[in-house]
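Q: Could you take a close look at one part of this model, the strands that pair into a small set, and then set it beside the aromatic contacts found elsewhere?

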Amino acid sequence: MRRAAAAGLVAVALACSPSSSSTGGDRASRFVAAPVQGAVPFAVLPARSPELTVVVVLAGDPVALVAAATPTPLRFDAAARARVASNLSIGQQPVRDLVAARGGQVLASFQHAVNGVKVRISARDLAALRATPGVVEVRPVAIARRQADQPDNAVSVPFIGAPTVWDGGTGFHGEGIKIAVIDTGIDYTHANFGGPGTAAGYDAAHAHETEPADPKFFGPDAPKVKGGTDLVGDAYDASAPAGSPALTPHPDPNPLDCNGHGSHVSGTATGFGVLADGSTFRGPYTALTVSGNSWRIGPGVAPLADLYSVRVFGCEGSTDVVVDAIDWAVKNGMNVINMSLGSTFGGPDTADALASENAAKGGIMVVASAGNDGPRPYMTGSPASGDRVISVAAMDSTPLFPGAIVTLSPSGSITAQNNNGAPLPGGSLKVVVLPPGPGGFSGCDDAEYQAAQAANNGSLANTILVTTRGSCARVDRAIKAQAFGAAAAAMINNAAGFGVFEGSIPGVTIPFLGVRRGADGNALSAAASVTLAPTTVPNPGFPRFATFSSGGPRGGDSALKPNITAPGVSILSTGSGTGNQGAVISGTSMASPHVAGVAALTLQAHPGWTTDEVRAAIVSTAAASKVADYAARLGGNGLVQPVGATATQVVALAQPNGALNLSFGFAELSDDFRQEQTVRLRNRGSTPATFTVSATPTAGSPHSIALSRTSFTVAPRGEAEVDVRLSVPAASAGNTAAFREVAGLVTFTPTSGNGGVALAVPYYLVPRVRANLNANAIGRLGPSVGSGTVRVRNGDGPIPANADFYAWGPSGRRDPSLGEINLRAAGAQSFDDGAGGRIVVFAVNTFERFSTAAADEFDVVVDTNADGKPDFLVAAADFGLVTAGAPDGRVGVFVIDLATGSASINFLADAPTDGSTLLMPVLGSDLGLTAEHPRFTYSLQSFDQNGNSDQSVDSGSFNAFTPAIETGQFVTVNPGATANVPVAIDAAEFARTPPTGVMVVNLDGRAGAKQAELIKAR
């Protein structure tokens, strides 16, 4: 969360205690209770640094775009690139001078992916930066994190079909293709990359990690890792507190991995593979390579591509040097960039999205992970949000996990999951149960194992230790059980199904069994002894989207993201620092390198093609049918298919600009929606290809697709176009009660030619029908009249309008530069909570539409004792971010006592996506409001994730028990109808807590002013 001007918030614990609070009344039922209620641990932060990190973009194309526009590429050699970069650097000097004069800091200058200067400067100086001659725009620098959540490449790589592409004399393996992995670095000593393959080899490299790496394993003559750089050093963390030395990068030439994420990712993209005996696989790579060998780590998708590692993370934490890394990749002539990283709620306007877009235009295939924040709308991240970036979602590609039949003595049996796949011991094992403690879990404390030893004559030999999940890391049970001498470990899950498949656990050779909660767990705990026999366990997640994979569409314009899907659950790849061992990790981080490897194969298969064409070959040949729960906004066009991508000679390019899908964006409807876009099929082959065309709706509101043709032939080296007209009836598009979408696939099925490869292009629209509510006072509305009347009218349209009445309080000032956080007005209403108190609801309205309010923070600053100082903060912010440290797209309403730092939550905000109004309910008692002390004053502030903020220009006041102006009226007005709503006014209270007027909220109105009609009292 961003820090509020009054006080900032940060979650300091993951658990919330239950609340005994209750609410009642029909109006209370309109609001959704928070998943957990009551106390929430918070810390109130000191004043936050007002400095922002931004990239100042200047006029003049960067090297990537100049190179792309050069008719004869050979003329644009290294010397020409250097001249362009030098001239751009000279043009950047006025920005550097201004930053120095204002006391800011120049962090980097870019000329290759972006013509810009990265600076850290006070927010108050942004206007001066924007006004500097030559400056085009100022873009925020996103804080990125690794997209991993703590099947084997030998499973996932064959699952997408890569070995088929390797086969035969014309097979493709990535030879000559340079893949830059922008990540945590690389363990170039690992056997998967042709290193010595020993832990000692890694330790020796680690001892000299800031010095140039050993050229036998890193550099032009190395077997795999041909180069790279470390831009940050071990201690760097972009999320460190202001003033921390961790904010200062310490670059060096050696990108040795001290985290492991980058090495894992690199192995999936382009690892050689490690055989069961721990040796590096040296080829050949054919269709039978994977099935014909025993593997410790399977080969990567493009096993003979060259690897370059650009380290942007320290050993822990986040990064803001992604643009720096992209600039390096352009400067050093990379062919593919993989970024298994990102920031949540991505839009097209961040600096890393711009750099990625320019790199793609300049000839680099840019691939990035979509994010790990779950399937709710608008969660997908940046830089994957860039137009020409292939954004990758994750799915589960493992049909079966190893398991064990556990025969119980004296009777019965259960099936368990063998979480690390270790060999099962023979003979009978005594069952030793570590009983659950106060938290309901066990197996985390050494004392538990010591007590078990003591109870079993000092030895746990020939025992299986039974523990319960919770608190500590899952694998701790296996590590501790082996350390204390047990023959096996079992963990009873905290959910009905099996837990996460761990894969190989370093140092653990005993089996680690997963047991389902309930009857299975109870039966195992009650048994005296067991015997174990191997089996397999069906994976219920196969072949479905990973539950963590971030949902689209993209924030801001609702363009369809992600673009494609790849395996990302329980992927076994390089285990950094282990020599030749693997590690199992899940995340869209693990999905992205599958596609980066496919990009290398596709580039090799289609020399001379433009990057737009190669990108289209990858995305348009993907298979929606191979994902069981396919949805466009979760996985784009479906599962990546390297066979189709490398074989196709025809590509499908949405127009204009060669887009990867038909994104119709966001539409507020008062009439039926009708819009047309075009798909252009380009044949790069030497033979004609004939296709039939069909459109298949896959999700969302009722709609229809009309095609300009249903069959056609594309001549060799020719093109053909199909117009796609989308029609959505306004009457059935749906209102703000839920997120609405229209989605489907336009499929091009070959009847001859193109090697039988079919193509598909998704179409996507976020529609919303609107109600046109107008409100005005009939006569005077103020303390002198006692009671007034507000007339509300719903203009002609397809749906009723709901008029919800608030006492209008503070207002804001329009500032287009603030976008979706630009505050317009707020109001308050109150009603009985059913327990003698009151529920207070704040309505906050902005000038502009937000895709999701969860991306920002909206605060009501409350003074309850009339001393002019804030006493409480009512903060609307992402519920998951505050309570668990990871965004989940839900907007919680948190009440923070600024004197104590204590906080509570009872409700989620009513904040529809693609809206401009939040309704923020709180218990009056959480603000200390009673019938004896009912009054407060309040003002507004807001923050976005880029460091921008806004605040109201004035404050409002309110009596929660006896409002000065009547609130809470809720009137439904049919299309074309009018209603007169009486508004009672308490003159005496009006003198003490004067409202600005009446605020009539209509969440179904056009985003902006039409969602909150404002009527001044006079």
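A: In this predicted model, strand E38 (residues 787-794) is joined to E37 by six bridges, and the two strands run antiparallel. Within this pairing, Asn 776 has Arg 791 in E38 as its bridge partner. The two strands belong to an open sheet of three, in the order E37-E38-E51, with antiparallel pairing. Its edges are formed by strand E37 (773-778) and strand E51 (978-984), each of which pairs on one side only. From one strand to the next, the twist averages 25°.

Turning from the sheet to the aromatic side chains, a search of the whole structure finds 17 aromatic pairs. In one of them, the ring centres of Trp 166 and Tyr 285 lie 5.6 Å apart and the planes stand at 80°, which is over the 60 degrees required, so the pair counts as edge-to-face. This contact links distant parts of the chain, since Trp 166 belongs to helix H6 (residues 162-166) while Tyr 285 lies in the loop between strand E11 (274-275) and strand E12 (295-297), 119 residues apart. Both Trp 166 and Tyr 285 are buried. Ring pairs also place these two residues in a cluster with Phe 281 and Trp 295.

Another pair has a stacked arrangement: the rings of Tyr 449 and Phe 484 have centres 5.3 Å apart and planes at 15°, and the pair is therefore classed as stacked. Here too distant parts of the chain are linked, with Tyr 449 in helix H11 (residues 446-455) and Phe 484 in the loop between helix H12 (476-483) and strand E22 (488-492), 35 residues apart. Tyr 449 and Phe 484 are both buried.

Rings also take part in contacts with charged side chains. Lys 224 lies over the face of Phe 272, at 4.4 Å from the ring centre, and the charged end of Arg 838 sits over the ring of Phe 961, 5.9 Å from its centre.

A helix completes the picture. Helix H10 (residues 351-361) is mostly covered, with 10 of its 11 residues buried; among the buried residues are Asp 352, Leu 354, Glu 357 and Asn 358. After H10 comes Gly 363, which has a positive phi, near 110°.

Methods: Residues are numbered from 1 along each chain as its sequence is written. This is a predicted model: local features need pLDDT of at least 70, side-chain atom pairs count only at pLDDT 80 or more; totals for chains, interfaces and linings use all residues. Side-chain values use heavy atoms; hydrogens and water are left out. Rings of Phe, Tyr and Trp (its six-membered ring) pair if their centres lie within 6.5 Å; planes under 30 degrees apart count as stacked, over 60 as edge-to-face and the rest as tilted. Helices (H or I, at least four residues) and strands (E, at least two) are DSSP runs, numbered from the N terminus. Buried means under 20% relative accessible area, exposed over 50%, partly exposed in between (1.4 Å probe, protein chains only). A charge sits over a ring if NZ of Lys or CZ of Arg is within 6 Å of the ring centre and within 35 degrees of the ring normal. Two strands pair if DSSP finds at least two bridges between them. Axes are lines fitted to C-alpha atoms, for helices over the stretch in contact, and angles run from 0 to 180 degrees between N-to-C directions.
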